[in-house]
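Me: Please take a close look at the salt bridges here. Start with the overall layout, and then show me what surrounds them.

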Amino acid sequence: MIYIFKITSPEVKNFVLEIEIDHEQTYLEFHNTIQETIGYDNSQMASFYQIGADEERGLEIALFEMNTEDDDNFNVVAMDVAMIREFVSSERPELIYVFDFFSDRFFNVQLIEKGISKSKTKYPKCTLSKGDAPEQIKMDAEDFEGLGFGEFESQSEKTKTADDYLADFDDEFNEGPEFESLDDYEDIL
């Protein structure tokens, strides 16, 4: 069986992709097809997410396995082992594909049809590509401010000295007795 997905961007209204993929293929193959079709750098992190009825992100289908043996959180599955049929259905036809983690930019991915595969057709394949995709990475100083790097611009203008770094951590190391000389230290012993 093949699944036909429609991929759109909330940023670029005229951008549309349609990709046909066999239900036994993996999300890694789906990811690679999206990346190649658009011309993105395949070395960047990306993940698919299931979308729940409450529009919240659910299960993450990540480029790499991130669970450890001690990790009780099994809310992440690796793309190379996750088959298309396992995490999308007619009841849950929507996913998002995050392609820019720093700016939390994504594509909407919707299952629009299921069909019978054609015997000699090689899947996955792009059957429709309209419009220009948004740029892959969109990062500037304003984006850093939103991530808690508010001093990004000011720090790039001046070089920090060792004293600046010590001043940042000075309060953490002022616990315990203070010594003016080695004689003070000997008095404690």
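Reply: The chain holds six helices and eight strands. Along the sequence, they follow the order β-β-α-β-β-β-α-β-β-β-α-α-α-α. Keep in mind that this is a predicted model. The chain has 189 residues, and 32% of them count as buried.

Now to the salt bridges. The count comes to four. Take Arg105 and Glu11. Their side chains meet in a salt bridge, at 2.7 Å from N to O. The two residues sit in distant parts of the chain, 94 residues apart. Arg105 belongs to strand E7, which covers residues 105-115. Glu11 lies in the loop between strand E1 (2-8) and strand E2 (16-22).

Look at how much of each residue is covered. Arg105 has a relative accessible area of 6%, so Arg105 is buried, given that buried means under 20%. Glu11 reaches 37%, so Glu11 counts as partly exposed. This salt bridge therefore pairs a buried residue, Arg105, with a partly exposed one, Glu11.

Arg105 has another partner. The side chain of Asp100 also meets the side chain of Arg105 in a salt bridge, with 2.8 Å from N to O. Asp100 is buried, because its relative accessible area is 1%. Put the two bridges together. They share a partner, and they join Glu11, Asp100 and Arg105 into one network.

Next comes another bridge, away from that trio. Arg85 forms a salt bridge with Glu24, and the closest N and O atoms are 2.8 Å apart. This pair also links distant parts of the chain, 61 residues apart. Arg85 is in helix H2, and Glu24 is in the loop between E2 and H1. Arg85 has 36% relative accessibility, so Arg85 counts as partly exposed. Glu24 has 39% and is partly exposed too.

Some charged residues gather in another way. Asp54, Glu55, Glu56 and Glu94 form a patch of negative charge on the surface. One of them, Glu56, sits in the loop between strand E3 (47-51) and strand E4 (57-62). At 49% relative accessibility, Glu56 counts as partly exposed, because exposed means over 50%.

Pro93 is worth a stop as well. Pro93 lies in the loop between helix H2 (84-87) and strand E6 (94-100). With 22% relative accessibility, Pro93 counts as partly exposed. Pro93 and Ile51 are 42 residues apart along the chain, yet their C-alpha atoms are separated by 8.7 Å.

Now turn from charges to rings. The structure holds 12 aromatic pairs. Phe30 and Phe48 make one of them: their ring centres are 5.2 Å apart and their planes meet at 10°, so the pair is stacked. Phe30 lies in helix H1 (residues 27-38) and Phe48 in strand E3, so the pair ties together parts that are 18 residues apart in sequence. Phe30 is buried, at 0% relative accessibility. Phe48 is buried too, also at 0%.

These two rings belong to a wider group. Ring pairs link Phe30 and Phe48 into a cluster with others, including Tyr3, Phe15, Tyr40, Phe87 and Phe107.

To recap, Arg105 holds Glu11 and Asp100 together in one network of salt bridges. Arg85 and Glu24 make a salt bridge of their own. Elsewhere, the patch of negative charge includes Glu56, and the ring cluster includes Phe30 and Phe48.

Conventions:
Residues numbered from 1 in each chain as written. Predicted model: local features only at pLDDT ≥ 70, side-chain atom pairs only at ≥ 80, totals over all residues. Heavy atoms only, no water. Patch = residues over 30% accessible without salt bridge, like charges linked within 9 Å, V, L, I, M, F, W, Y side chains within 5 Å. Areas by Shrake-Rupley, 256 points an atom, 1.4 Å probe, with all protein chains shown as cover. Lys, Arg positive; Asp, Glu negative; His and termini not counted. Charge placed at Lys NZ, Arg CZ, Asp CG, Glu CD. Helix = DSSP H or I, 4+ residues; strand = E, 2+ residues; numbered from the N terminus. Buried < 20%, exposed > 50% of the residue type's maximum accessible area, 1.4 Å probe, protein only. Phe/Tyr/Trp six-rings, centres within 6.5 Å; stacked < 30°, edge-to-face > 60°.
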